[in-house]
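Colleague: I am new to this structure. Please take one part of it and go through that part closely, giving the cut-offs for your terms.

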Amino acid sequence: MTHTDERYLHLLSTAYPTVADAASEIINLEAILNLPKGTEHFLADLHGEHEAFIHVLKNASGNIKRKVSEIFGTTIRESEKKELCTLIYYPEQKLELIKAQEEDIDDWYHITIHQLVRVCREVSSKYTRSKVRKSLPQEFSYIIEELLHERSDDQDKAAYVAVIVDTIITTGRADDFIVAICNVIQRLAIDQLHILGDIYDRGPGAHIILDTLRQYHSWDIQWGNHDILWMGAAAGNDACICNVLRLSLRYANLATLEEGYGINLVPLATFALEVYGDDPCEEFIPKELKKEGQLDEKTLQLTAKMHKAITVIQLKEEARIFHRHPEWGMEDRCLLEHIDLGRQVCVVDGKDYAMKSCHFPTNTMDLTAEETELMQKLHHSFRVSEKLRKHIRTILSHGCMYNICNQNLLFHASVPLNDDGTLKDVEIMGRKYQGRQLMEYIGQLVRSAFQNDTPQEQKAYARDYFLYLWCGKDSPLFDKSKMATFERYFLTDRDTYHEEKGNYFKLRDSQEVCDRILDAFGVNGQWSMVNGQSHPRHIINGHVPVHAGSGENPIKAGGRLMVIDGGFSEAYHKETGIAGYTLVYHSRGFQLVQHEPFTSTQDAIMRGTDIKSTTQIVEMSTHRMLVADTDKGAELRQQISELKDLLYAYRHGIIKEKRN
């Protein structure tokens, strides 16, 4: 017997009170270890593109379409495969269309139910019956389970299966059954979903993405800089609130603010019209939206005035925090204070830079009484939004700054490095942290901003620190020399717009640097052959869009690093040449799925359009990976060891069986 604590074995015996119970569970766990590993999907930088995101979940990044093609081959037409896939993705909506045009609906029900059962059987094949059973809707659990494990081509069971299907139809439950089994297929096609940050900003539906994730069966998130910005706003950081509003106005995207979270923007609009009514605010008009004609002139003008009003307030709010924390070394970013209105220049490092505009009716230093009153109203609106609080709690409960899963190190942006590629010390509240310790301490600090028992001084610092995480040069979520917000809006010299990337982005092609980071985070696995099998480890992150259209490779450092920000956001499509990546990690290895732009959910339902995706094999395993090869496998082996100790204790009288 090992040294497992006897008290723990007594606790374990309450769940497995007899030798038979413990032995049965050992048999069950040993069997699970030999199943193929579940399929993991990695997505990054969703940026509010809810329709594309939800479609990628529904089609499992093209995996369901591939399985339908493999199952039915040439036995049905391509148009029928497309119809079946659309039904699986959007069962309720597609059923309405089909019933409106199908002449013999009962015949269609018979054919379709049998087809769906075949697809469901395929996607459930790598799971235990118990796990599949847990994913089934209660009202159809028994029926689906019977159909999955009985085949109509078995002559002894053909009549039994036929009667089940007939009865589903004759009792008027066919529609409900089809919806239920389609949802099961979607659920089983993805075992674990990893979101590598940036749910928020740019696109219109960040709140819809979070509503979807709240109902999703298994997912985690590594916080991105845009998520942290919204978390800071929810925590009451006024500079973060201003940044959230500015970005929403920059992209004329107010749906998440107003419809999603009920943020009242009327005070901002009223203030902007009163103070900036005579200002054309040229530099604040969303140029691409004006060019594309998405907004009428009146709306464009109001948006530009609100945009400028909140930007000026943002710069003042940021300056207050930067002056409060000189240890951050960011007081040089208080550029409003260096404007010479008479000469219409901004003095930066002793050099004069011409201003695009010098119209600052509220001054360039402290908040005016009117601006202070406006911020109080906006602050209140963010703080009382129950749905925003709920979504931030969801992000906190499902994520942190990094994650290690199955020999993969996941984080959104970077790990701060020195010029020589060694881990950089970053000072927070008088103490220095680097690498894993830095990420973990930041995670604790972020959470402390939302906890009632946090000492007031630490809570105030944590609230301020959201701004540093958003734009601080040593922030793992930013890692650039500066955020050139002021320069882009106000200075004519485009050279001032340059943001020097941190060392992580300069050195991430180095295998040595990536191995050093993986070692520092304790990620097991080597780029070598062990017992005839390769056990590679990886860094996976997003944040910086990969310019696939220009030939940039998302796979770096000899395969050690995978950058999966392919530009989900429509704002990035021209820049990246694609519309996002999904990294898929299944039992045979890694595949990178490159997506083209999604038209719309309506198009997908009405015309059967799907996201066109191209799959690139990144790395294939030398053997089919089993649950035994995963983190879950390590947990199961530990459970098996403890159960064997319990068996020993039973058989040697150390613990008595609890027989009825």
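Modeller: Helices α13 and α22 are roughly antiparallel to each other, a label used for angles over 145 degrees (under 35 is roughly parallel, 65 to 115 roughly perpendicular, and the rest oblique). The model is predicted, with local features needing pLDDT of at least 70 and side-chain atom pairs pLDDT 80 or more, while totals for chains, interfaces and linings use all residues. Residues are numbered from 1 along each chain as its sequence is written, and side-chain values use heavy atoms, without hydrogens or water.

Helix α13 spans residues 225–235 and α22 spans 456–471; their axes come within 9 Å and cross at roughly 160 degrees. Axes are lines fitted to C-alpha atoms, for helices over the stretch in contact, and angles between N-to-C directions run from 0 to 180 degrees. The crossing is left-handed, meaning that the near helix is turned anticlockwise from the far one by less than a right angle (clockwise would be right-handed). Residues in contact (heavy atoms within 4.5 Å) include I228, L229 and M231 of α13 and F466, L469 and W470 of α22. Helices (H or I, at least four residues) and strands (E, at least two) are DSSP runs numbered from the N terminus.

Next, the cysteines. The whole structure has zero disulfides, a disulfide being a pair of cysteine sulfur atoms within 2.5 Å. For C240, the closest cysteine sulfur is that of C471, and at 8.3 Å it is too far for a bond. C358 is likewise in no disulfide, with the sulfur of C346 nearest at 9.0 Å. C240 is buried, at a relative accessible area of 0% (buried is under 20%, exposed over 50%, partly exposed in between, with a 1.4 Å probe and protein chains only).

Elsewhere, five strands form an open sheet of mixed pairing, in the order β8-β9-β14-β16-β15. Strands pair if DSSP finds at least two bridges between them. At the edges, β8 (402–405) and β15 (555–556) each pair on one side only. β8 joins β9 through four antiparallel bridges, with Y402 opposite F411. These two strands form a hairpin with two residues between them, and N406 in the turn has a positive phi of about 50 degrees.

On β9 (residues 408–411), N408 and L410 point one way, L409 and F411 the other, and all are buried. β9 pairs with β14 in the parallel sense over three bridges, where L410 faces I540. β14 (538–541) then runs parallel to β16 (561–563), again over three bridges, and N541 has V563 as its bridge partner.
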